[in-house]
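Subject: Structure handover and notes

Hello,

Here is the structure I said I would pass on. My notes on what was found in it follow below.

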Amino acid sequence: MIDIEFETLQALGLTPAIATRAAQLTGPAPDMRLARVTESQRDRFTLHDGRAEHPARTLPRLVQQLQATAQPLTIGDWVAMQVDVHGQAWIVERVEPLTQIARRANDGRRQPLASNVDAALLVMGLDADFNARRMERYIAMVRACGVAPVVVLTKRDIAPDAPARIAQMYARLPATVPVLPVNALSRQTCTDLGPWLHAGQTLVLLGSSGAGKSTLINTLANAGQSTGAVRTSDGRGRHTTTARSLHRCPQGGCIIDTPGLRTFRPDADARTLAASFDDVQSLAQQCRFRDCRHEGEPGCAVLAQVDGDRLDNYKKLMRDAQRGELTALERIELRGKWKSIGKAGSRRALEKKG
Ligand SMILES: Nc1nc2c(ncn2[C@@H]2O[C@H](COP(=O)(O)OP(=O)(O)OP(=O)(O)O)[C@@H](O)[C@H]2O)c(=O)[nH]1
Ligand SMILES: [Zn+2]
């Protein structure tokens, strides 16, 4: 049996659902304690058991098991911890996560970013960082993982184009996605984000480098209560986040900081991604034709009501996802088809010239 101190661990985001899963762990080890991964840097982890932090090592058996199932440990995971006679903490079991935000790496491997999160703060500056299409990809990615997106637009106090960009975001995104323009340095931001900061809630911050993630952490979680972010200087006196870490907020919630993330491929199939564009999905029901592709067909409700650039972005995401779903053989066939079309095209061009 595993030892679970619910009240103590609630401050680290423990929920009844996770506690139930943890109670079902049937590890071989006696004196197992429930703890959360509060810091990860490559394969080095720090755990918090509600009382103290422990640099931890993972049992080789568990490493192999997780590798075999392509489920590497990540920040936010709940684990069973055991301390040996030398005082070394060991991760002996992992509680299967309730939610996990993941992306596809360039080599096609699934790369988890954070486990057991309830909402994702999608952080984007209203300055040069601003890019509505990238925000829509973030939203699709987290919704596909069963996590609620919250759009946080920083630098409203300093970006000259802030009002126009805020208006653009409101007009473009469906009402189901909250959009919060903030000055990340202001205490007001704690109030604005209050509904997402209750005890037992875990948030993750996602956004590109310089978007304001660390600034938000400093404002939302008192610096003294942080479980230790690792920041390194880049030599020009600028600091950038290199590790992922979990911070506790005075309101009771937890926030996971991640290093800047600019490009990614969502880890989801086309159908799941399509569902994340709930406005397109529900308007499509009203198109005159059942198989409407929203490309100019008469009576298209989507074309009439969805922002044009948003719709193009939706179609591009669908194409990319469907391409990712093709088998290797289908890809070769498709490539062959494109090649012959290309050849035919250049032949025609040559014939025209000649
Ligand atoms: N005035 C103002 N400055 C901001 C705001 N948000 C962020 N900044 C500034 O923008 C710079 C970058 O912010 P960071 O919080 O370090 O960005 P980050 O997302 O953590 O970046 P990485 O750690 O590289 O991923 C800092 O100088 C912040 O002070 C804001 O809302 N208003
Ligand atoms: Zn249509």
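I start with one residue of the core. Ile-101 touches Leu-113, Ala-114, Val-117, Ala-120, Val-142, Cys-145, Val-147 and Val-204, leaving out residues up to four places away in sequence. Please keep in mind that this is a predicted model.

The largest nonpolar core has 85 residues, and Ile-101, Ala-120 and Leu-122 are the ones that touch the most other members. Helix H4 (residues 132-144) contributes the largest share of this core, seven residues.

Overall figures

The protein has 12 helices and 17 strands. Of its 354 residues, 39% are buried. Among contacts with a separation of 6 or more, 68% are between residues 24 or more positions apart.

Strands S4, S5 and S6

Strand S6 (residues 89-94) is mostly covered, with five of its six residues buried. S6 has two pairings to report. With strand S4 (residues 53-58) the pairing is parallel and runs over three bridges; there, Arg-57 has Trp-90 of S6 as its bridge partner. With S5 the pairing is antiparallel and runs over five bridges, and Val-83 stands opposite Ala-89 in S6. The hairpin of S5 and S6 has five residues between the strands, and in this hairpin Gly-87 takes a positive phi near 85°.

Met-81 is a residue of strand S5 (residues 78-83). Is Met-81 buried or exposed? Met-81 counts as buried because it has 25 C-beta neighbours inside 10 Å, where the threshold is 20 or more. Beyond its neighbours within four places in sequence, Met-81 is in contact with Met-32, Arg-33, Ala-35, Leu-47, Asp-49, His-54, Ala-56, Ala-89, Trp-90 and Ile-91. Two of the residues in that list, Ala-89 and Trp-90, also appear in the S6 bridges described above, Ala-89 opposite Val-83 and Trp-90 as the partner of Arg-57. As for Ala-35, its C-alpha atom is 6.3 Å from that of Met-81, although the two residues are 46 apart along the chain.

Strand S15 and its partners

Strand S15 (residues 244-248) is also mostly covered: five of its five residues are buried. The cover is on both faces, with Arg-244, Leu-246 and Arg-248 buried on one side and Ser-245 and His-247 buried on the other.

S15 runs antiparallel to strand S2 (residues 32-41), and two bridges join them. In this pairing Glu-39 stands opposite Ser-245. S15 is also joined to strand S16 (residues 254-257), by four bridges and again antiparallel; Arg-248 stands opposite Cys-254 in S16. The hairpin of S15 and S16 has five residues between the strands, and here Gly-252 takes a positive phi near 115°.

Ser-245, which lies in S15, is buried because 23 other C-beta atoms are within 10 Å. How far apart are Ser-245 and Gln-41, in sequence and in space? They are separated by 204 residues in sequence and by 8.9 Å from C-alpha to C-alpha.

An open helix

Why does helix H3 (residues 60-68) lie largely in the open? Of its nine residues the number buried is zero, so H3 is largely in the open. After H3 comes Ala-70, which has a positive phi near 50°.

The ligand

There are 20 residues around ligand 1, and those that come nearest are Gly-212, Lys-213, Ser-214, Thr-215 and Gly-260. By character, the residues of the shell divide into six nonpolar, 11 polar and three charged. Helix H7 (213-220) and strand S14 (239-241) each supply at least two residues of the shell. H7 gives the most, with three residues.

In short, there are two mostly covered strands to look at, S6 and S15, a helix largely in the open, H3, a largest nonpolar core of 85 residues, and a shell of 20 residues around ligand 1.

Regards

Conventions
Residues numbered from 1 in each chain as written. Chains lettered and ligands numbered in written order. Predicted model: local features only at pLDDT ≥ 70, side-chain atom pairs only at ≥ 80, totals over all residues. Buried ≥ 20, exposed ≤ 12 C-beta atoms within 10 Å, placed from the backbone. Pairing = 2+ DSSP bridges. Near = placed C-beta within 6 Å. Nonpolar A, V, L, I, M, F, W, Y, C, P; charged D, E, K, R; others polar. Contact = placed C-beta atoms within 7 Å. Core = buried A, V, L, I, M, F, W, Y, C linked by C-beta atoms within 7 Å.
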